[in-house]
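Hi,

Here is the structure I said I would pass on to you. Have a look first, and my notes on what turned up follow right below.

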Amino acid sequence: MHKRNYQIENIKIILMFCVIFGHLLESVGGGYNLYKVIYSFHMPMFLFLNGWLAPRNYASKKTMFKLIYPYVLFQILYQLFNTYVINDEYVEFSVQFSTPYWLLWYLLSLIFYYLLIPVITTESKAYAGVMLFGTIALAIAIGFDNSIGYYMSLSRTFVFLPFFVTGYYVGHGVFGINNVMQSIRKRKSMILLGFILTFTICQIMYKQNLSAGALFGSVPYQQGELMWYIRLEMLMVAFIWSGIFMLLVPDCKFLGKIETFPIYVMHGFVILYLKKHTPFLYSMPLNLLIASLISIMVILLFGNKYVGWIIGFIFRGEWVVKIWNRVAVKSN
């Protein structure tokens, strides 16, 4: 039995709050500096954890099915919701699977990452280092190609690939940074860490030419109005954030276990509905408080083990997997 990793569970809850709160900030109508800070780390860190937890047996049909099935299903459900609930049938319903609907890019990118696991799997630190720096170079270079953007989530897949790769190597012990982390904690190097954190936040909050394209990694440089060195800077900032999370978030039962998959795939419906029927009609501080409370409520609603099990069973295709297992047993 694997030892339960409370630190990863705690980080995932914090990141999930940031995902929801960040999406709500788009409706608040302010707080862009806070928005930039959140978007500088929350998805890179999530993909870092995905890499950390990724199995070596990537090609498991069940594993891939649990990614492909919800992507296809929610691509249809979000298009239906957008047509008949948000736009009251004023837009024609259409569905396609080559360009992910909004937040579903994450699932499509994970599918590609899992398919790459045989390529990145190694015990050699030298090979791992080459792969990591290669993915960073690719993330920078891909921005010069104006044909790569939202289609198949290719831009984001390449831009955030270094974080999945790093997490994979850390999680499988190729990059032995756990001892380094423990050493830093023992030496109480929190003052230096505080300076790094402050510098990072200030760099993001006061960088006036930081566009949404730089934060999302979804479009080429020309469309996102950014330069290659800004993307490189954002990658470095996100890596710093990842280290800060690993250092500061405790590895103990602190926030409890929350099912993040149901929260991620379901919270978009809440966000879209609140964009149409906004509750953010008050002062900025009160609107931010409302956004915080909504974020917590969504986590508690969709992340508890009962609702999480139902959503996972139906929308992640676990019911199909159970049938699959029974058929396989009978055939043997």
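Seven names to find on your screen to begin with: F46, W105, Y106, F160, F163, F239 and Y264 form one aromatic cluster. Keep in mind that this is a predicted model. Aromatic pairs come up a lot here, with the count at 29.

Two of those pairs are worth a look up close. Take F17 and F21: the ring centres are 5.6 Å apart and the planes meet at 10°, which is under the 30 degrees needed to call the pair stacked. Both residues belong to helix α1 (residues 6-28), where they are 4 residues apart, or about one turn of the helix. Is F21 buried or exposed? At 6% relative accessibility, F21 falls under the 20% cut-off, so it counts as buried. F17 has a relative accessible area of 24%, which makes it partly exposed.

The other pair is W309 and F313. Their ring centres lie 5.0 Å apart with the planes at 15°, so this pair is stacked too. They sit in helix α15 (residues 305-315), and because they are 4 residues apart there, about one helical turn separates them. W309 has a relative accessible area of 51%, just past the 50% cut-off, so it is exposed. F313, on the other hand, is partly exposed at 23% relative accessibility.

There is also a charge placed over a ring. The charged end of K275 sits over the ring of W102, 5.5 Å from the centre of that ring.

Now for the empty space inside. Counting cavities of 30 Å³ or more gives 1. It holds about 120 Å³ of space. Its lining is made up of 14 residues, and those closest to the centre are V159, F160, A214, L215 and M234. You have already met F160, as a member of the aromatic cluster.

Which helices supply at least two residues each to that lining? They are α7 (154-171), α10 (212-216) and α12 (228-248). The largest share comes from α12, with 4 residues. Sorted by class, the lining has 11 nonpolar residues, 2 polar ones and 1 charged one.

If you want a place to start, try F160: it belongs to the aromatic cluster and is among the residues closest to the centre of the largest cavity.

Cheers

Notes: Residues numbered from 1 in each chain as written. Predicted model: local features only at pLDDT ≥ 70, side-chain atom pairs only at ≥ 80, totals over all residues. Heavy atoms only, no water. 1 Å grid on protein atoms, 1.4 Å probe; cavity = no way out; pocket = protein on both sides within 12 Å on 5 of 7 lines; lining within 4 Å. Points joined across faces, edges and corners; volume = space filled by probe spheres on them. Nonpolar A, V, L, I, M, F, W, Y, C, P; charged D, E, K, R; others polar. Phe/Tyr/Trp six-rings, centres within 6.5 Å; stacked < 30°, edge-to-face > 60°. Buried < 20%, exposed > 50% of the residue type's maximum accessible area, 1.4 Å probe, protein only. Lys NZ or Arg CZ within 6 Å of the ring centre and 35° of its normal.
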